[in-house]
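Thank you all for making time this morning. I would like to walk through one model with you, beginning with a single helix and working outward from there to the chain as a whole.

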Amino acid sequence: MHPSHPSHVLYFASLSEKGQFIPKAINDFKNAIKYGNEDELYIVNYNIAVDFDSMEKYKDAITYYEKFIASNAPDDELKEYATSRLEELKEYLNTNGKTN
């Protein structure tokens, strides 16, 4: 994985490689937002961001980290991580000229 990830992201990435469940999870999360109240389901944007991040789909991850950060989510360790990770991904893509 590149750049570095906290343990929970690595855990989900390993499950994805073994079970290939993350694309379905992303679809389920998007449906939750579609049929629910996004203001109340702000954590779903975080989950989608982490899932895309673990699949190294960094542009998609950035989109959902930004949605999570802009939401009414509490200022806690998740928002702190999302903010930090967002900056890391932007820097990584700019430095390496990556398109994913």
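Let me begin with helix α2, where the buried residues are I22, A25, I26 and I33. These residues cover an arc of only 100° around the axis, which puts them on the same side of α2. On the other side of α2, we find K24, K34 and Y35, which are exposed. As for its geometry, α2 takes in residues 22–35, 14 residues in total, and reaches 20 Å from its first C-alpha to its last, close to the 20 Å expected at 1.5 Å a residue.

Before going further I should say plainly that this is a predicted model, and that confidence varies along the chain. The average pLDDT of the chain is 81, with 77% of the residues scoring at least 70. Over residues 1–5 the pLDDT is below 50, although this stretch does have 19 contacts in the model beyond near neighbours in sequence. Among the elements, the lowest mean pLDDT, 50, belongs to helix α1 (residues 7–19), and the highest, 96, to helix α4 (residues 58–70).

For the overall layout, the chain contains five helices and zero strands. Of its 100 residues, 35% count as buried, and its accessible surface comes to about 5900 Å², 50% of which belongs to carbon and sulfur atoms. If we take the contacts between residues at least 6 apart in sequence, 56% of them join residues at least 24 apart.

Now to helix α3, and how many of its residues are buried? The count is 10 of 13, so α3 is largely enclosed by the rest of the structure. Among those buried residues are V44, N45, Y46, I48 and F52, and the list also includes D51 and D53. The 13 residues of α3 should span 18 Å at 1.5 Å a residue, and the end C-alpha atoms are 19 Å apart, which agrees. After α3 comes E56, whose phi is positive, near 60°.

Within α3, I would draw your attention to N45, which is buried, with a relative accessible area of 1%. Not counting residues up to four places away in sequence, N45 touches I33, E38, Y64, K67 and F68; I33, you will recall, is one of the buried residues of α2.

Let me turn to the aromatic residues, for which a search of the whole structure finds seven pairs. One of interest is formed by Y42 and F68, a tilted pair with 6.4 Å centre to centre and 40° between the planes. Because Y42 lies in helix α3 and F68 in helix α4, this pair ties together parts that are 26 residues apart in sequence. The two partners differ in exposure, since Y42 counts as partly exposed at 23% relative accessibility, whereas F68 is buried, with a relative accessible area of 1%. Ring pairs link both of these residues with Y46, Y65 and Y81 into a cluster.

Finally, I would like to look at A73, which is found in the loop between α4 and α5. At 7% relative accessibility, A73 counts as buried. Leaving aside neighbours within four places in sequence, A73 is in contact with Y42, F68 and K79, and Y42 and F68 are the two residues of the tilted pair I have just described. A73 and I43 are 30 residues apart in sequence, yet their C-alpha atoms are 7.4 Å apart in space.

Definitions and conventions:
Residues numbered from 1 in each chain as written. Predicted model: local features only at pLDDT ≥ 70, side-chain atom pairs only at ≥ 80, totals over all residues. Heavy atoms only, no water. pLDDT = per-residue confidence, 0-100. Helix = DSSP H or I, 4+ residues; strand = E, 2+ residues; numbered from the N terminus. Contact = heavy atoms within 4.5 Å. Buried < 20%, exposed > 50% of the residue type's maximum accessible area, 1.4 Å probe, protein only. Areas by Shrake-Rupley, 256 points an atom, 1.4 Å probe, with all protein chains shown as cover. Expected span 1.5 Å × (residues − 1). Arc of directions from axis to C-beta. Phe/Tyr/Trp six-rings, centres within 6.5 Å; stacked < 30°, edge-to-face > 60°.
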